[in-house]
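Trainee: Could you take me through one helix of this model in some detail? I'd like to hear how its residues sit and what their side chains pair with.

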Amino acid sequence: AIGIDASKAESFGVCWRLNCEEQGIITRKEFVSGFSAMGTDTITKIKAQMKEVKAAIAQKSNPQEFKQFYLWLFNYCTEGQRKTIDKEVGLQMWRTVLGPHWGLTEKYCEFVEQSKVKSISKDVWQQTLEFSREVGGDLSKFDENGTWVCTRLLLP
């Protein structure tokens with residue numbers, strides 16, 4: 001019990017901090033070298049480190065750190081040598097990771113669900129974060145003449 005909720009984005013934060021490569025697996029090497037690099041060698045220190053992970057995922061500290069996590073997550077979700085993630089995986093990750101921060105996450109996911117794309121490219125993944133930050137939670141900053149890759153590539 002290190003204070004991480006497995007149903008929330010923070011569970012991916014642990015894998016991010018340990019620099020895990022394969023989804024759902026933390027190897028002994030990743031565990032030992034990851035926690036050693038963080039200077040955590042006791043349960044108390046691990047719990048303290050996990051509080052920092054939660055803050056990073058919640059964007060309470062540094063938005064740039066969240067962006068690093070978000071970009072890592074795409075690679076973590078790819079299978080083997082693929083350069084895309086399945087649409088269903090992308091939707092689940094957006095709902096889990098962006099949902100708490102962006103009020104339009106669900107509407108955006110519905111838009112993606114209705115598109116004909118079967119997978120999410122790294123460009124669309126990256127642009128979605130920038131789009132969410134740029135337009136705000138109510139689209140008040142949306143520029144109809146903007147060229148957002150994430151929306152353009154998803155249109156039929």
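Mentor: Here is a walk around helix α6, followed by a quick look at other pairs of the same kinds. Keep in mind that this is a predicted model.

Helix α6 covers residues 105–114. Start with what is tucked away: Thr105, Tyr108, Cys109 and Val112 are buried. Look down the axis of α6 and those buried residues fall within an arc of 100 degrees, so they line one face of the helix. The spacing makes sense, because an α-helix has 3.6 residues a turn, and residues three or four places apart point the same way. Now go around to the other side of α6, where Lys107 and Gln114 are exposed.

Next, the charged side chains. Glutamate 106 makes a salt bridge with arginine 95, at 2.9 Å from N to O. This one ties together distant parts of the chain: arginine 95 belongs to helix α5 (residues 87–98) and glutamate 106 to α6, 11 residues apart. Neither partner is fully out in the open: arginine 95 is partly exposed at 30% relative accessible area, and glutamate 106 is partly exposed at 39%. There's a third member too, as salt bridges with shared partners join Arg95, Glu106 and Glu113 into one network.

For context, the structure holds 6 salt bridges. Among them is the one between glutamate 65 and arginine 17, at 2.5 Å from N to O. That pair also links distant parts of the chain, with glutamate 65 in helix α4 (residues 63–77) and arginine 17 in helix α1 (residues 10–17), 48 residues apart. Glutamate 65 is partly exposed, with a relative accessible area of 21%; the cut-off for buried is under 20%. Another bridge joins aspartate 41 to lysine 45 at 3.1 Å. There, aspartate 41 is exposed at 59%, while lysine 45 is partly exposed at 39%.

Then the rings. The structure holds 15 aromatic pairs. In one of them, phenylalanine 66 and phenylalanine 69 have ring centres 6.0 Å apart and planes at 55 degrees, so the pair counts as tilted. These two sit 3 residues apart in helix α4, about one helical turn, and both phenylalanine 66 and phenylalanine 69 are buried. Back on α6, tyrosine 108 pairs with tryptophan 102, also tilted, at 5.5 Å centre to centre and 55 degrees between the planes. Tryptophan 102 and tyrosine 108 are both buried, and Tyr108 is one of the buried residues of α6 we started with.

Terms used. Residues numbered from 1 in each chain as written. Predicted model: local features only at pLDDT ≥ 70, side-chain atom pairs only at ≥ 80, totals over all residues. Heavy atoms only, no water. Buried < 20%, exposed > 50% of the residue type's maximum accessible area, 1.4 Å probe, protein only. Helix = DSSP H or I, 4+ residues; strand = E, 2+ residues; numbered from the N terminus. Arc of directions from axis to C-beta. Salt bridge = Lys/Arg side-chain N within 4 Å of Asp/Glu carboxyl O. Phe/Tyr/Trp six-rings, centres within 6.5 Å; stacked < 30°, edge-to-face > 60°.
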